[in-house]
Amino acid sequence: LNTYIPLDIIYVGSDKRIVSIQRNTTPRSTDPVPSGAPASYVLEVNAGYAERHGLQVGDLLEWE
């Protein structure tokens, strides 16, 4: 409810692979945005980021 911009929500498994991407979510919505698959991490970025960077389910993300 407190997010004023559309987001891409990227769900990531414990193996750091993307398990699902919810693209262009609705700002200020109270509707749940489920992953649809077990996830250990969530990355929220500006809407369109996933498409611009070619992110897809199964991609490996790296961080320290």
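**Exercise 1. Is Leu55 buried or exposed, going by its relative accessibility?** Work it out, then find what surrounds Leu55 and how far away Ser14 lies.

*Solution.* Keep in mind that this is a predicted model.

- Step 1: Start with the place of Leu55, which is the segment after helix 1.
- Step 2: The relative accessibility of Leu55 is 14%, so Leu55 counts as buried. The cut-off here is under 20%.
- Step 3: Now look for the neighbours. Leaving aside residues up to four places away in sequence, Leu55 touches Ile10, Ile18, Ile21, Arg23, Tyr49 and Ala50.
- Step 4: Leu55 and Ser14 are 41 residues apart in sequence, and their C-alpha atoms are 17 Å apart in space.

**Exercise 2. Describe the setting of Ser14.**

*Solution.* Let's go from the chain to the contacts.

- Step 1: Ser14 sits in the loop between strand 1 and strand 2 (18–22).
- Step 2: With a relative accessible area of 62%, Ser14 is exposed, the cut-off being over 50%.
- Step 3: Beyond residues up to four places away in sequence, Ser14 touches Ser40 and Tyr41.
- Step 4: Pro38 is 24 residues from Ser14 along the chain, and 8.9 Å separates their C-alpha atoms.

**Exercise 3. How many aromatic pairs are there, and which parts of the chain are tied together?**

*Solution.* A ring pair is described by the distance of the centres and the angle of the planes.

- Step 1: The count comes to one aromatic pair.
- Step 2: The ring centres of Tyr41 and Trp63 are 4.9 Å apart and the planes stand at 80°, so this pair is edge-to-face.
- Step 3: Because Tyr41 lies in strand 3 (residues 41–46) and Trp63 in the segment after helix 1 (49–52), the pair ties together parts that are 22 residues apart in sequence.
- Step 4: Check the accessibility of each partner. Tyr41 is partly exposed at 36%, and Trp63 is partly exposed at 37%.
- Step 5: Trp63 has another partner to note: the charged end of Lys16 sits over the Trp63 ring, 4.5 Å from its centre.

**Exercise 4. What does the side chain of Asp8 reach, and what is the nearest side chain of opposite charge?**

*Solution.* Here the charge partner comes before the polar contact.

- Step 1: Asp8 belongs to strand 1 (residues 7–12).
- Step 2: Asp8 is buried and has no salt bridge. Arg23 is the nearest side chain of opposite charge, 5.0 Å away, while a salt bridge has to fall within 4 Å.
- Step 3: The Asp8 side chain reaches the backbone nitrogen of Tyr49 at 3.1 Å.
- Step 4: Among the residues that Asp8 touches are Arg23, Tyr49, Glu44 and Glu51.

Methods. Residues are numbered from 1 along each chain as its sequence is written. This is a predicted model: local features need pLDDT of at least 70, side-chain atom pairs count only at pLDDT 80 or more; totals for chains, interfaces and linings use all residues. Side-chain values use heavy atoms; hydrogens and water are left out. Helices (H or I, at least four residues) and strands (E, at least two) are DSSP runs, numbered from the N terminus. Buried means under 20% relative accessible area, exposed over 50%, partly exposed in between (1.4 Å probe, protein chains only). Lys and Arg count as positive and Asp and Glu as negative; His and the chain ends are not counted. A polar contact is a pair of N or O atoms within 3.5 Å; within protein, one must be able to donate a hydrogen and the other to accept it, and residues adjacent in sequence count only if both atoms are side-chain atoms. Contact means heavy atoms within 4.5 Å. Rings of Phe, Tyr and Trp (its six-membered ring) pair if their centres lie within 6.5 Å; planes under 30 degrees apart count as stacked, over 60 as edge-to-face and the rest as tilted. A charge sits over a ring if NZ of Lys or CZ of Arg is within 6 Å of the ring centre and within 35 degrees of the ring normal.
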